[in-house]
Amino acid sequence: MDVDRSAPAVAAAETAIAAPLETVWDVLTGFERWPGWNPDVTSMSLEGAVEEGAVFRWKAGRATITSTLREVDPPRLVGWTGKTTGIEAAHVWRLEPRGEGTFVRTEESWQGLLVRLLRGRMQKSLQSAVDDGLKHLAAEAERRASLG
């Protein structure tokens with residue numbers, strides 16, 4: 001799965017996380033625990049297991065988003081599409097082991113009328129959300145890794 005690189009708003013971020021691949025994967029795919037480590041997510045519910053076709057509903061800021069898992073390849077890749085008012089999104093996380101840690105790259109694209117109308121503002125908002133999400137994931141994975 002890939003994001004739509006021709007969408008009006010596209011963002012990417014990457015970092016090395018000082019935690020094993022399995023720990024990062026567990027944090028990332030423990031969807032219902034997101035509100036506990038990501039302050040931008042206020043609620044989350046996953047219908048079923050973490051597998052292709054599973055639906056999750058969540059709140060980020062003022063938006064309520066309905067997402068569907070499109071690709072799940074444990075523990076290396078998870079991707080989904082999502083919709084909220086005026087925005088259709090695609091998001092992909094790629095993980096790879098690097099020594100004792102994990103290298104993570106995440107990408108997201110937004111399209112829709114609202115995104116086309118407010119392209120500059122939406123691009124900034126998306127990049128900020130992608131950067132913050134990666135930062136929060138790293139902090140939680142490293143916290144869990146330090147607990148041994």
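Helices and strands here are runs assigned by DSSP, numbered from the N terminus. With that in hand, M1 is easy to place: it sits in the segment before β1. What you're looking at is a predicted model. Its largest pocket has a volume of about 840 Å³, and a search of the whole structure turns up 10 salt bridges. Here's a quick tour.

**The start of the chain**

- M1, in the segment before β1, is partly exposed, because its relative accessible area is 23% and the partly exposed range runs between 20% and 50%.
- M1 and V92 are 91 residues apart in sequence, yet their C-alpha atoms are 7.2 Å apart in space.

**The largest pocket**

- How big is the largest pocket in volume? It comes to about 840 Å³.
- Of the 33 residues lining this pocket, W58, A60, I65, W110 and A129 are the closest to its centre.
- Plenty of elements chip in: α2 (34-37), β3 (55-60), β4 (63-73), β5 (77-84), β6 (87-98), β7 (101-111) and α4 each supply at least two lining residues.
- Which element gives the most to the lining? That's α4, with 8 residues.
- Sorted by class, the lining has 18 nonpolar, 10 polar and 5 charged residues.

**Salt bridges**

- R94 pairs up with D2 in a salt bridge, their closest N and O atoms being 3.0 Å apart. R94 lies in strand β6 and D2 in the segment before β1 (9-17), so this pair ties together parts that are 92 residues apart in sequence.
- Both partners count as partly exposed: R94 has 28% relative accessibility, and D2 has 47%.
- R5 forms a salt bridge with E107, and here the closest N and O atoms are 2.7 Å apart. This one also links distant parts of the chain, with R5 in the segment before β1 and E107 in strand β7, 102 residues apart.
- Is E107 buried or exposed? E107 is buried, because its relative accessible area is 6% and buried means under 20%.
- R57 and E47 make another salt bridge, with the closest N and O atoms 2.2 Å apart. R57 lies in strand β3 and E47 in strand β2 (residues 41-47), so the pair ties together parts that are 10 residues apart in sequence.
- R57 is partly exposed at 37% relative accessible area, and E47 is partly exposed at 44%.
- Some of these residues belong to a network: D2, R5, E14, R94, R105 and E107 are linked by salt bridges.

**An enclosed helix**

- Helix α1 (residues 21-29) is largely enclosed by the rest of the structure, because 7 of its 9 residues are buried.
- Which residues of α1 are buried? They are L21, T23, V24, W25, V27, L28 and T29.

**A nonpolar patch on the surface**

- L113, L117 and L118 form a nonpolar patch on the surface, and together they have about 300 Å² of accessible area.
- Where is L118 found? Look in the loop between α3 (113-117) and α4 (119-146).
- L118 has a relative accessible area of 32%, so it counts as partly exposed. That value also fits the patch, because patch residues need over 30% relative accessible area.

Note on methods. Residues are numbered from 1 along each chain as its sequence is written. This is a predicted model: local features need pLDDT of at least 70, side-chain atom pairs count only at pLDDT 80 or more; totals for chains, interfaces and linings use all residues. Side-chain values use heavy atoms; hydrogens and water are left out. Patches are made of residues with over 30% relative accessible area and no salt bridge: like charges are joined within 9 Å, nonpolar side chains (Val, Leu, Ile, Met, Phe, Trp, Tyr) within 5 Å. Accessible areas come from the Shrake-Rupley method with a 1.4 Å probe; for residues, only the protein chains shown count as cover. A salt bridge is a side-chain nitrogen of Lys or Arg within 4 Å of a carboxyl oxygen of Asp or Glu. Helices (H or I, at least four residues) and strands (E, at least two) are DSSP runs, numbered from the N terminus. Buried means under 20% relative accessible area, exposed over 50%, partly exposed in between (1.4 Å probe, protein chains only). On a 1 Å grid over the protein atoms alone, a cavity is a set of points where a 1.4 Å probe fits but cannot get out, and a pocket is an open set with protein on both sides within 12 Å along at least five of seven lines; lining residues have an atom within 4 Å of a point. Grid points are joined across faces, edges and corners, and a volume is the space filled by probe spheres set on the points. Ala, Val, Leu, Ile, Met, Phe, Trp, Tyr, Cys and Pro count as nonpolar, Asp, Glu, Lys and Arg as charged, and the others, Gly among them, as polar.
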